[in-house]
Amino acid sequence: MTTSREIRLKSRPVGVPTADNFELASVELPDPGPGEVQVRNTWMTVDPYMRGRMNDAPSYVPPFQLGEALQGGAVGEVTRSNDPSLKEGDLVSSFFGWREGFTAPAQAVQKLDAHGLPAEAFLGFAGMPGLTAYVGLLRIAELKDGDVVFVSGAAGAVGSVVCQIAKLKGHTVIGSAGGADKVAFLKEIGVDHAIDYKAEPDLTAALMRAAPGGIDVYFENVGGAHMEAALMAAKPFGRFALCGMISQYNNTDLGEGVRGLVMAVGKSLKLQGFIVSNHQDMQVQFLKDLSGWVASGKFKGRETVREGIENAPAAFLGLFKGENLGKMLVKL
Ligand code: NDP
């Protein structure tokens, strides 16, 4: 390939991002120099954390730059190689998403051992979102026998893996997601009580009905009213894995306070945030366990696919409107 189309950040969103914050551009791809490869991306991911990178504010990952291609996970195929470690046709993963192709040092991409899974799974349940679920549930929330687990954002990329791991380990799982189709999906993956939070006037009451004896673990993906409900429903010594709070990502200020936080004192709750990149040591065990679960036929990967680089911004915006069941991906 000689040219590639890419998505650039045109302006920084204030509040909810819109299509106007992005622009599609075309670039000439240089020939690979010594030690370089050229890659044609076949899939790219859009993830909620990318919203934070659109702000010009310090965080655990640096902000995207205006007028430059966005970055993110991608998988693709080597089309030209000038490095002995990779050959034409090799499958690779990289952080050069949001573009159709690129030329880069061979060391900047990773050869993908697909373990018999489709390449795009490594952007979803077998990739960063899957590892996030594994780390959050097993290490941060310290899942123990008999725990009742509550998961918000349960039908999404991370949430749907959390629900399935907890079910595979024999737990009672309560999942919350928005809409009847998501509730049906949660039942399909074995969730014991699926809550459609958009249809519930009182989320705390709905959670109390689903878990009359209380919850031991809360896997937080959403924030706001979900956190409040979990605080109210938690049993003494409950553990909260604070993975994300997507309901807060488009706030232009700190938003409203968390009601009911005082419950954490009396109930001796443990609330711990985490970032998956600090837990890469669990990657090998994660893939080993996941391969077993997939092979047993008891684990289901689910994706929502948009096609074409030009539709990547809409795919990203769709995350904030709940348009995805499972992992939102863009096929290139
Ligand atoms: P999802 O696949 O879950 O997609 C986002 C979902 O969030 C939507 O489908 C929607 O589902 C829900 N949502 C969007 N806006 C709101 C809102 N205002 N209130 C309630 N729900 C909302 O995304 P991921 O699985 O990739 O990520 C889930 C969470 O995990 C995010 O908070 C993300 O930032 C976090 N994360 C954290 C990581 C870490 O290292 N700590 C790593 C990866 C992800 P619905 O229709 O049900 O509302």
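Helices, meaning runs of H or I of at least four residues, and strands, meaning runs of E of at least two, are taken from DSSP and numbered from the N terminus. With that convention, Phe237 falls in strand β12, residues 234-242, and I will come back to that residue after introducing the whole chain.

Before that, a word on the source. This is a predicted model, in which local features need pLDDT of at least 70 and side-chain atom pairs count only at pLDDT 80 or more, while totals for chains, interfaces and linings use all residues. Residues are numbered from 1 along each chain as its sequence is written, and side-chain values use heavy atoms, with hydrogens and water left out.

Let me start with the overall picture. The chain contains nine helices and 15 strands, and along the principal axes its C-alpha atoms fill a box of roughly 65 × 45 × 35 Å. The radius of gyration, taken over C-alpha atoms and judged against a globule rule of 2.2 Å times the number of residues to the power 0.38, is 20 Å, which agrees with the value near 20 Å for a compact globule of 332 residues. I call a residue buried under 20% relative accessible area, exposed over 50% and partly exposed in between, using a 1.4 Å probe and protein chains only; by that rule, buried residues make up 52% of the 332. A contact means heavy atoms within 4.5 Å, and of the contacts with a separation of 6 or more, 66% are between residues 24 or more positions apart.

Now to the helices, beginning with α2, residues 128-140. Of its 13 residues 10 are buried, so α2 is largely enclosed by the rest of the structure; among the buried ones are Pro129, Leu131, Tyr134, Val135 and Ile140. What follows α2 is Glu142, with a positive phi near 50°, and this residue sits in the loop between α2 and β8. Glu142 is partly exposed, at a relative accessible area of 36%.

That brings me back to Phe237, which is not a glycine and yet has a positive phi of about 65°. Is Phe237 buried or exposed? Phe237 is exposed, with a relative accessible area of 59%.

Helix α5, residues 203-210, has Leu203, Thr204, Ala206, Leu207 and Ala210 as its buried residues. Seen down the axis of α5, these fall within an arc of 160°, so they line one face of the helix, where the arc is that of the directions from the helix axis to the C-beta atoms. As general background, an α-helix has 3.6 residues a turn, so residues three or four places apart point the same way. The partners against which the buried residues of α5 pack are β8, β9, β10, β11 and α6. At the start of α5, a side-chain oxygen of Asp202 comes to within 3.2 Å of the backbone nitrogen of Thr204.

Two loop positions are also worth a look on the screen. Asp90, in the loop between β4 and β5, counts as buried at 6% relative accessibility, and, leaving aside residues up to four places away in sequence, Asp90 touches Gly76, Glu77, Val78, Ser85 and Lys111. Val258, in the loop between β12 and α7, is partly exposed at 45%, and with the same exclusion of residues up to four places away, Val258 touches Met227 and Leu231. The C-alpha atoms of Val258 and Leu131, which are 127 residues apart along the chain, are separated by 28 Å.

Finally, the ligand. Which residues come nearest to the ligand? Of the 26 residues around it, counting a residue as near if one of its heavy atoms lies within 4 Å, those are Lys182, Tyr197, Tyr249, Val276 and Asn324. As for polar contacts, which are pairs of N or O atoms within 3.5 Å (within protein, one atom must be able to donate a hydrogen and the other to accept it, and residues adjacent in sequence count only if both atoms are side-chain atoms), an N or O atom in the side chain of Lys182 is 2.7 Å from an oxygen atom of the ligand. A backbone N or O atom of Gly178 lies 2.8 Å from a ligand oxygen, and a backbone N or O atom of Cys243 lies 2.9 Å from a ligand nitrogen. The elements that give two or more residues to the shell around the ligand are α2 and α3.
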